[in-house]
Amino acid sequence: MRVSDGKPIASYDFPGEFTVAGRSFSARFFVVTQHFFRSLGYRNDLFKKGCLIGTMNRQAYNACTRHQVKGDSVGLYSFHPDITNNEYGQVLRGQRDYLSFERRVILVPDRSAIVTLIHELAHDIYFGNGITRERREDFVKQIFRLYKAATMPITSEEKQAAPALIDFFKRIAANCQARHILLTISNSNEIMARLNPGFQVFASECFAYVAEKVMRPEESTLKIIPKEIEDIMPELKE
Ligand SMILES: [Zn+2]
């Protein structure tokens, strides 16, 4: 696989076929090694064996992810091709500690930039036992607290922080497929009801987005991440 600096992910790879919505696709798969994981800047102890990256040509990738977005309400495209499997939702709802080995597959188009892999591996840290279930649940609650402060600020501190937080949340919604999720939760009134799978997907996107910026500070503006969000992130960096 070609990435932005031209280095391959691993010295070995293998072809694989899978089916999405009755249509078969093929990809080349690479094992994410500890060495590669660290080379992206992630902390060593967050590495969990078992993650595969599948690269596909752009046309096939687009066709495959289109099926996934349609077929799965959780809708984590770029992830496992088996869209009927609900394990992602279970992990997000805290009903399961982490994804099984065979579900930890990241699909990316050929010639993806390294920054895409940083983002997608952040998702794998979130889903693949890189952080505990308790930590994940706490993260979702903290993101929700900030989302509530941003959309319905009460205290003067909240009113002051709200514009930056709103900008940040809008960026998350635009960045991934979270736009419809944001609209859904915006229309809800019950606080605990908002901590639904939709919000948990949204929180995991916040996690991946912040990780992406923290790992590649020279390619982005770290200041676009509100301090309130940065403060609740685990230390990802080596
Ligand atoms: Zn994402």
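Guide: A nonpolar core is a set of buried Ala, Val, Leu, Ile, Met, Phe, Trp, Tyr and Cys residues joined through C-beta atoms within 7 Å, where buried stands for 20 or more other C-beta atoms within 10 Å of a residue's own, exposed for 12 or fewer, and partly exposed for anything in between, with C-beta atoms placed from the backbone. The model before you is predicted, with local features requiring pLDDT of at least 70 and side-chain atom pairs pLDDT 80 or more, whereas totals for chains, interfaces and linings use all residues. Residue numbers start from 1 along each chain as its sequence is written.

Visitor: What makes up the largest nonpolar core, and which residues have the most contacts inside it?

Guide: That core has 56 residues, and those with the most contacts inside it are Leu107, Ala122, Ala203, Cys206, Phe207, Val210 and Ala211. Its largest share, 12 residues, comes from helix H9, which covers residues 197-215.

Visitor: How do you know where this core lies with respect to domain 1 and domain 2?

Guide: Domain 1 (13-127) and domain 2 (133-232) both give residues to the core, so the core lies between them; the bounds of the domains come from an automatic or database domain assignment. As for Cys206, when residues up to four places away in sequence are not counted, it touches Ile143, Ile172 and Ile229, contact being a matter of C-beta atoms, placed from the backbone, that lie within 7 Å.

Visitor: How many helices and strands does the chain have?

Guide: There are 10 helices and 4 strands, taken as DSSP runs (H or I of at least four residues for a helix, E of at least two for a strand) and numbered from the N terminus. Of the 238 residues in the chain, 38% are buried, and among contacts between residues at least 6 apart in sequence, 63% join residues at least 24 apart.

Visitor: Why is the pairing in the open sheet of 4 strands called mixed?

Guide: The sheet has the order E1-E2-E3-E4, and strands are taken to pair when DSSP finds at least two bridges between them. Strand E2 (residues 23-31) and E3 pair in the antiparallel sense over 4 bridges, while 5 bridges join E3 to strand E4 (residues 105-109) in a parallel run. Residues that face each other include Arg28 opposite Thr55 in E3, Phe29 opposite Gly54 in E3, and Ile53 opposite Ile106 in E4.

Visitor: What makes E1 and E4 the edge strands?

Guide: Strand E1 (13-20) and E4 each pair on one side only.

Visitor: How do you know whether strand E3 is covered or open?

Guide: Strand E3 (residues 52-56) is mostly covered, with 5 of its 5 residues buried. Leu52, Gly54 and Met56 point one way from the strand, Ile53 and Thr55 point the other way, and all of them are buried.

Visitor: What makes you say that helix H4 is enclosed by the rest of the structure?

Guide: The count decides it, because 11 of the 14 residues of H4 are buried, and the helix is therefore largely enclosed. Among the buried residues of H4 are Leu117, Ile118, His119 and Glu120. The length of H4 (residues 114-127) can be checked too: at 1.5 Å a residue, its 14 residues should span 20 Å, and its end C-alpha atoms are 20 Å apart, which agrees; the expected span is 1.5 Å times one less than the number of residues.

Visitor: Why is Asp124 called buried?

Guide: Asp124, which lies in helix H4, has 28 C-beta neighbours inside 10 Å and so counts as buried. Neighbours within four places in sequence aside, Asp124 is in contact with Cys51, Arg104 and Ile106. The C-alpha atoms of Asp124 and Leu46 are separated by 9.9 Å, though the two residues are 78 residues apart along the chain.

Visitor: What makes the phi of Arg111 and the phi of Asn129 worth pointing out?

Guide: Most residues other than glycine have a negative phi. Arg111, not a glycine, has a positive phi of about 60° and lies in the loop between E4 and H4; because it has 13 C-beta neighbours inside 10 Å, it counts as partly exposed. Asn129 likewise has a positive phi, near 75°, and its place is in the loop between H4 and helix H5 (133-151); with 18 other C-beta atoms within 10 Å, Asn129 is partly exposed.

Methods: Two residues are in contact if their C-beta atoms, placed from the backbone, lie within 7 Å.
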